[in-house]
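Subject: Structure handover

Hello,

Here is the structure I promised to pass on. Please open it alongside this email, and then read on for what turned up.

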Amino acid sequence: MKYGIKSVCLILLAFLGLGSGLVRADRRAYVWTYEYMTMPQGEAEFEYYLTMQAPDTGDFDDKNTWEHQGELEYGITDRWDISVYQRWQQTNTATEDKCEYTGTKLRTRYRLGEKDQYPLDTLLYLEYIRPDSSHEPEFLEGKIVLAKDLGKFNVAYNQILKAGISHDGDTEHEYALGCGYELEPAWKVALESAGNFTEDRYYFGPTISWASERVWLAAGVLGGLNDRSDDLRVRLIVGIPF
């Protein structure tokens, strides 16, 4: 089964029809950048991620990849949460379409202090990545999230270290940066940049998010900024608190 822009648009339209208002919990304004936010104590949420990567948009049918990710997260305290992910990946080429389970991830986040308590709102993030294959490396990924609200504007920066802990996995240094604006409580728009300093890959593009009382969603597009980067990356995240 191949996916395209029409499929993504249909998903967006379906969720936009669910109602108005503002959902609470872990509503995301960005899709590549983490914010200064954790799940409230005792609350839970399911999130679905759909990520498309096209190394060369001119030869899209020759190679495109779609990653599906389901996440269940829970607030241990108002400043500390945990989550577990399950992941699948579909790779489409000119000769073969392949869909496979790719493994699991465990993640925890902790907010230092309360909003505006310090000059920059700070969050610590740690994630364990376990592939389905025992021959592939496992990884630990740590992030320092620095953020600030300035009226309706928000800026968030993630410094990321991803280190292999088995099978000679490489260590990589990455970043994500988001600058957003709240048009109204239900709608936010943003510009994001993400990249990998180790591999010299960099991206930039727009993001939009929307929330109702029962669901929120965010969608973003990144274009590659150099020859080492994929031409296009697209991500949709849907969150359903319960």
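Let me start with the chain as a whole. Of its 242 residues, 43% are buried. Please keep in mind that this is a predicted model. The secondary structure comes to one helix and twelve strands. The helix comes first from the N terminus, and the strands follow it. Contacts reach far along the sequence: among those with a separation of 6 or more, 52% are between residues 24 or more positions apart. The chain exposes about 12300 Å². Carbon and sulfur atoms supply 58% of that area.

Next, the salt bridges. How many are there in the whole structure? A search finds 17. Here are some of them.

Glu-127 pairs with Lys-105, with 3.7 Å between the closest N and O atoms. This bridge links distant parts of the chain. Glu-127 sits in strand β5, residues 121–131, and Lys-105 sits in strand β4, residues 97–112. The two are 22 residues apart. Are these two partners buried or exposed? Both Glu-127 and Lys-105 are buried.

Arg-111 bridges to Glu-114, with the closest N and O atoms 3.4 Å apart. The two partners differ in cover. Arg-111 has 11% relative accessibility, so it counts as buried. Glu-114 has a relative accessible area of 39%, so it is partly exposed.

Asp-200 and Arg-228 meet through their side chains, at 3.5 Å from N to O. This pair also links distant parts of the chain, 28 residues apart. Asp-200 lies in the loop between β9 (187–196) and β10 (201–211), while Arg-228 lies in the loop between β11 and β12. Arg-228 counts as exposed because its relative accessibility is 54%, and exposed means over 50%. Asp-200, at 31%, is partly exposed.

There is also a network. Glu-71, Glu-73, Asp-81, Arg-107 and Arg-109 are linked in it by salt bridges.

Now the backbone. Most residues other than glycine have a negative phi. Which way does phi go at Asp-200, positive or negative? The value at Asp-200 is positive, near 60°. Asp-168 is another non-glycine residue with a positive phi, near 55°. Asp-168 is found in the loop between β7 (153–164) and β8. With 77% relative accessibility, Asp-168 counts as exposed.

On to the surface, starting with charge. Asp-56, Asp-59, Asp-61, Asp-62 and Asp-231 form a negative patch. Where is Asp-231? Asp-231 is in the loop between β11 (216–224) and β12 (232–241). Asp-231 is partly exposed, because its relative accessibility is 34%.

There is a nonpolar surface patch too, of about 850 Å². Its members are Tyr-74, Trp-80, Ile-82, Tyr-110, Leu-112, Tyr-118, Leu-120, Leu-124, Ile-144 and Leu-146. Which elements give two or more residues to the nonpolar patch? They are β3 (80–93), β4 and β6 (139–150). Take Ile-144 as one of the members. Ile-144 belongs to strand β6. Why does Ile-144 count as partly exposed and not buried? Its relative accessible area is 44%, and buried means under 20%.

Last, a look at one tyrosine. Tyr-181 is in strand β8, residues 171–184. At 29% relative accessibility, Tyr-181 counts as partly exposed. What does Tyr-181 touch, leaving aside neighbours within four places in sequence? Its contacts are Lys-152, Phe-153, Trp-187, Lys-188 and Val-189. Tyr-181 and Leu-191 are ten residues apart in sequence, and their C-alpha atoms are 9.2 Å apart in space.

If you want places to begin in the viewer, I would suggest three. Look at the buried pair Glu-127 and Lys-105. Then find Asp-200, which has a positive phi and a salt bridge to Arg-228. Finish on the nonpolar patch with Ile-144.

Best wishes

Key
Residues numbered from 1 in each chain as written. Predicted model: local features only at pLDDT ≥ 70, side-chain atom pairs only at ≥ 80, totals over all residues. Heavy atoms only, no water. Patch = residues over 30% accessible without salt bridge, like charges linked within 9 Å, V, L, I, M, F, W, Y side chains within 5 Å. Areas by Shrake-Rupley, 256 points an atom, 1.4 Å probe, with all protein chains shown as cover. Salt bridge = Lys/Arg side-chain N within 4 Å of Asp/Glu carboxyl O. Lys, Arg positive; Asp, Glu negative; His and termini not counted. Charge placed at Lys NZ, Arg CZ, Asp CG, Glu CD. Helix = DSSP H or I, 4+ residues; strand = E, 2+ residues; numbered from the N terminus. Buried < 20%, exposed > 50% of the residue type's maximum accessible area, 1.4 Å probe, protein only. Contact = heavy atoms within 4.5 Å.
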